[in-house]
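Here is a short briefing on one protein chain. Look over the model first, then read the points below.

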Amino acid sequence: MFKTIDQRNEAIRVTIGITLCMLMGQILSFDSTVYLALYPTIAMTKVKDYSWSGLSKTFGPTFMAACVALWISEVFQSHPFIIWTITLLFIDYMRKRADTPAKVGGSIMPIFNWVLIVIFSQFSTQSMPDRIGEILLSMLITMCVAKGVVALFPVKNSNPPPAFKRVEVTYKQRLVTVALIGTGVAVLMNIDLLSATFCMVPVIAAATQVNRKRYFEVVSQRFVTQVGGCMVAVLISIVIAGHQTILSYYALILGAAIFAIATAMVTSSKIGRDVHSDAMLATVLPIQLYLGTYGFGFERILLRAWELAVTLGILFLIFQLAKIRENHVQRGQLNTRVRH
């Protein structure tokens, strides 16, 4: 199964870290337990530096984005157009700073958490300051759990990540990012569809890519992992159905599913690792959002899969329309040259 002890340790690390945080979310009865699935999955599958400073650098920008978004939403509560405009400026600022692949990946969560706070402040009945408090607590719990499992199953000292050359972000790239994400935010700000808010994750991931090829790769990959992850979550909900209150059984099934995905992730290539880590996130989020320890959530998980499929279908349609337009322009230029 595992080729090295390091692979085995990583799979165990990922399984214990994510499962423990998700269980704590249920036990502590947070209003927003999803953060104790979102943050530990990112920490255990993406983070390379598990020092306090490294974890703080990972979660710090996300928490600051959520706090500023809350302040903007409270100050301009009666002026949603101003909130939307400031959101566009924030998106453009984050995209302009993302001049390396690492920064592009690091910009996704701050942008998403900003969007999440803005949308939920419009329609949710939950106290948004309480939500910020739960975000902070979830981050602290995630950091402590991550430090604990890394102490039990140490991370192999690897070579420092490659130094990517900075590439200036063009105005066209910034315009595409702002247009795609801004349109999604505008739709969600005008339609009470809170369940579709998490569909903004693949939109943000696709919109921040450097070129059309990477955009298509992200959309194609996310369709498989996001929709597929929801289907895995449906199977897990069927297995757990009626036994959510038995935490030991809930933890066993959840841990087994996470361990299976983690095993596939650590034994895969670099590309396969990204696919499986995204599938991990797509699986645990609907479980934490809709299953819980007292609910079934079957229909809501299927609804999430449908919303993701529609969102990714729209992104694919945009790609095809842009490709047709480009081919049309190229044919027009070729015909002009032939005439001359």
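Contacts in this predicted model lean towards long range in sequence: among those between residues at least 6 apart, 78% join residues at least 24 apart. The chain is built from twelve helices and zero strands. Its radius of gyration is 21 Å, which agrees with the value near 20 Å for a compact globule of 340 residues.

**Overall shape and surface**

- The C-alpha trace spans about 75 × 55 × 40 Å along its principal axes.
- Of the 340 residues in the chain, 49% are buried.
- About 17,200 Å² of the chain is exposed, and carbon and sulfur atoms supply 66% of that area.
- Read from the N terminus, the elements run α-α-α-α-α-α-α-α-α-α-α-α.

**Nonpolar core**

- In soluble globular proteins, nonpolar side chains tend to be buried together.
- The largest nonpolar core here holds 99 residues. Leu38, Phe112, Ile135, Ile181 and Met200 touch the most other members.
- Helix α5, residues 101–123, gives the most to this core, with eleven residues.
- Which residues does isoleucine 181 contact, leaving aside neighbours within four places in sequence? They are Ile91, Ile111, Met200, Val203, Ile204 and Ala207.

**Arginine 174**

- Arginine 174 lies in helix α7, which covers residues 171–190.
- Is arginine 174 buried or exposed? Arginine 174 is buried, because its relative accessible area of 13% is under the 20% cut-off.
- Not counting residues up to four places away in sequence, arginine 174 touches Asp92, Arg95, Lys96 and Val169.
- Arginine 174 sits 39 residues from isoleucine 135 in sequence. In space, the two are 29 Å apart, C-alpha to C-alpha.

**Cysteines**

- How many disulfides does the count give? The count comes to zero.
- Why is cysteine 67 not bonded to cysteine 144? The sulfur of cysteine 144 is the closest cysteine sulfur to that of cysteine 67, but the two are 18 Å apart, so they are too far for a bond.
- Cysteine 144 is in no disulfide either. Its nearest cysteine sulfur belongs to cysteine 21, 9.4 Å away. A disulfide needs the two sulfur atoms within 2.5 Å.
- Cysteine 67 is partly exposed, with a relative accessible area of 26%.
- Cysteine 144 is also partly exposed, with a relative accessible area of 49%.

Note on methods: Residues are numbered from 1 along each chain as its sequence is written. This is a predicted model: local features need pLDDT of at least 70, side-chain atom pairs count only at pLDDT 80 or more; totals for chains, interfaces and linings use all residues. Side-chain values use heavy atoms; hydrogens and water are left out. A nonpolar core is a set of buried Ala, Val, Leu, Ile, Met, Phe, Trp, Tyr and Cys residues joined through side-chain atoms within 4.5 Å. Buried means under 20% relative accessible area, exposed over 50%, partly exposed in between (1.4 Å probe, protein chains only). Helices (H or I, at least four residues) and strands (E, at least two) are DSSP runs, numbered from the N terminus. Contact means heavy atoms within 4.5 Å. The radius of gyration is taken over C-alpha atoms; the globule rule is 2.2 Å times the number of residues to the power 0.38. Accessible areas come from the Shrake-Rupley method with a 1.4 Å probe; for residues, only the protein chains shown count as cover.
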